[in-house]
Amino acid sequence: MKIPDLKQTKTMRNILSLTVLTALIAAGCSSKPDVEKKKEELTAFRTELKELNQKISTLEAEIEELDPTFGKKEIKKTLITAIDAKKDYFEHKVEVRGSIESRKNVTIGSEVPGKVERILVKEGQQVTKGQTLLTLDASIVRNNIAELKTALELAKTVYERQSNLWKKNIGTEIQYLQSKNNYESLERKLATANSQLDQAIIKAPFSGSLDRVIAKEGEITQPGMPLLRLVNPKDVYIRSDISERFIGVFSKGDEVEVYFPVQDKKMVSKITSVGQVINSQNRTFEVEIEVPFGFGSVTPNQVVVLKLRDYKNEEAISVPTMIIQKDSKGSYVYNIEKEGANLVAKKLHVKTGMSYGSQTEILSGVKAGQTIAYKGFRDLAEGVFVTITSEQGVAGQSALSKK
């Protein structure tokens, strides 16, 4: 069966209407109109037009039954991907700088004045605790010790004899006490002289590496003057100054992500201590982070980058930051809704929280289970029809794309 041309039928209807109007106009122009005759003609034309309209409607129905798409405009749809909003873990981290510190990074000096007699080590040399590093000229002290030893031997002999006599009730008590006091006084003086001699011998307070030898042989030193620098690179930690606005946020045991730019290495460590005093100069408090033993070669004063978690929400709804747009009402995303057999984009205004990485926390406006436009969101507007592809978005394939 041949399908009639609907356009041709509509054209015939228009021609017929034009003919009726022309006839009426011509009749109106007649100098002696025959009203009854014209009324009859008008009724006939109206009847004919009604019958023609009925035929047109019947043909349109038959055509639509055979071809449902006939006469319908095709809806243009925008191709997008989408994600399903769901509750998940969200965290925010603050990035700060820190430095490698060592509790065994000391400058060794002398406790007594004197001339540097011998330097027994070299820069870079590994030394052990108690090893002699440097000696000062202590000839005067040694001579004093020799004199004290001689005097002590005599004082000891006198004391012992006076003690024996006193036991036999020979002599006076004062003679006995004087000999005892003289002997004990010389013993203390000898101990003091030996201590002074020990101070002239500079020893390593702990095992480590000699980072620098500052002293020179023959140089006169004074108490507190630096002579050597000794470092133990194994006993190190990370120190960082944190802004006072984070007071109460970080605690001992919190995990910290540490990045070493020089080595291009990362590790996860933990906070070992949190300072309780604010530095009045820069309004910060100190945080110490552990460097695990055996991590690798790190050097005191080396700069590191720290990431410390200052916020977390285990049941947060978050979306990719890039899909959040703004208009006069605030921030919004596009929610994909079903309208009959079609999917339509609708603006969904939201209240945002913190952003970290590529995600932003949504505090209100989006509910779990809603479908949010992802790729292709820039091509959308309110009420635009969309088609969701099967490509997966950030949070997984949208449920609407499966229907």
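## Notes on charges, contacts and two odd loop residues

1. Let's start with His92: its side chain makes a polar contact with the side chain of Asp310, at 2.8 Å. Keep in mind as you look that this is a predicted model. His92 sits in strand 3, which covers residues 87-102. Is His92 buried or exposed? It counts as buried, because its relative accessibility is 16% and the cut-off for buried is under 20%.

2. Next, the salt bridges. Side chains of opposite charge can pair when their charged atoms come close. How many salt bridges does the count come to? The count is 11.

3. One of them pairs Glu101 with Arg239, at 3.7 Å from N to O. Glu101 is in strand 3 and Arg239 is in strand 12 (residues 236-243), so this pair ties together parts that are 138 residues apart in sequence. Glu101 is buried, at 18% relative accessible area, while Arg239 is partly exposed, at 23%.

4. Now find Arg103 and Glu288, which form a salt bridge with their closest N and O atoms 2.6 Å apart. This pair also links distant parts of the chain: Arg103 is in the loop between strand 3 and strand 4 (105-109), Glu288 is in strand 15, and 185 residues separate them. Glu288 counts as buried, with 13% relative accessibility.

5. A third pair to click on is Lys347 with Asp327, where the closest N and O atoms are 3.2 Å apart. Lys347 belongs to strand 19 (residues 342-349) and Asp327 to strand 17 (residues 325-327), so the salt bridge ties together parts 20 residues apart in sequence. Both ends are partly exposed: Lys347 has a relative accessible area of 31% and Asp327 has 27%. Elsewhere, Glu91, Lys93, Glu257, Lys266 and Arg309 are joined into one network by salt bridges that share partners.

6. Which residues form a negative surface patch? They are Asp34, Glu36, Glu40 and Glu41. Glu41 lies in helix 2, residues 35-66, and counts as partly exposed at 35% relative accessibility.

7. Last, a backbone check. Most residues other than glycine have a negative phi. Asp264 has a positive phi, near 55°, and is found in the loop between strand 13 (255-260) and strand 14 (265-274). Asp264 counts as exposed, at 55% relative accessibility. Arg283 also has a positive phi near 55°; look for it in the loop between strand 14 and strand 15 (284-290). Arg283 is partly exposed, with a relative accessible area of 40%.

Conventions. Residues are numbered from 1 along each chain as its sequence is written. This is a predicted model: local features need pLDDT of at least 70, side-chain atom pairs count only at pLDDT 80 or more; totals for chains, interfaces and linings use all residues. Side-chain values use heavy atoms; hydrogens and water are left out. Patches are made of residues with over 30% relative accessible area and no salt bridge: like charges are joined within 9 Å, nonpolar side chains (Val, Leu, Ile, Met, Phe, Trp, Tyr) within 5 Å. Accessible areas come from the Shrake-Rupley method with a 1.4 Å probe; for residues, only the protein chains shown count as cover. A salt bridge is a side-chain nitrogen of Lys or Arg within 4 Å of a carboxyl oxygen of Asp or Glu. Lys and Arg count as positive and Asp and Glu as negative; His and the chain ends are not counted. The place of a charge is taken as NZ of Lys, CZ of Arg, CG of Asp or CD of Glu. Helices (H or I, at least four residues) and strands (E, at least two) are DSSP runs, numbered from the N terminus. Buried means under 20% relative accessible area, exposed over 50%, partly exposed in between (1.4 Å probe, protein chains only). A polar contact is a pair of N or O atoms within 3.5 Å; within protein, one must be able to donate a hydrogen and the other to accept it, and residues adjacent in sequence count only if both atoms are side-chain atoms.
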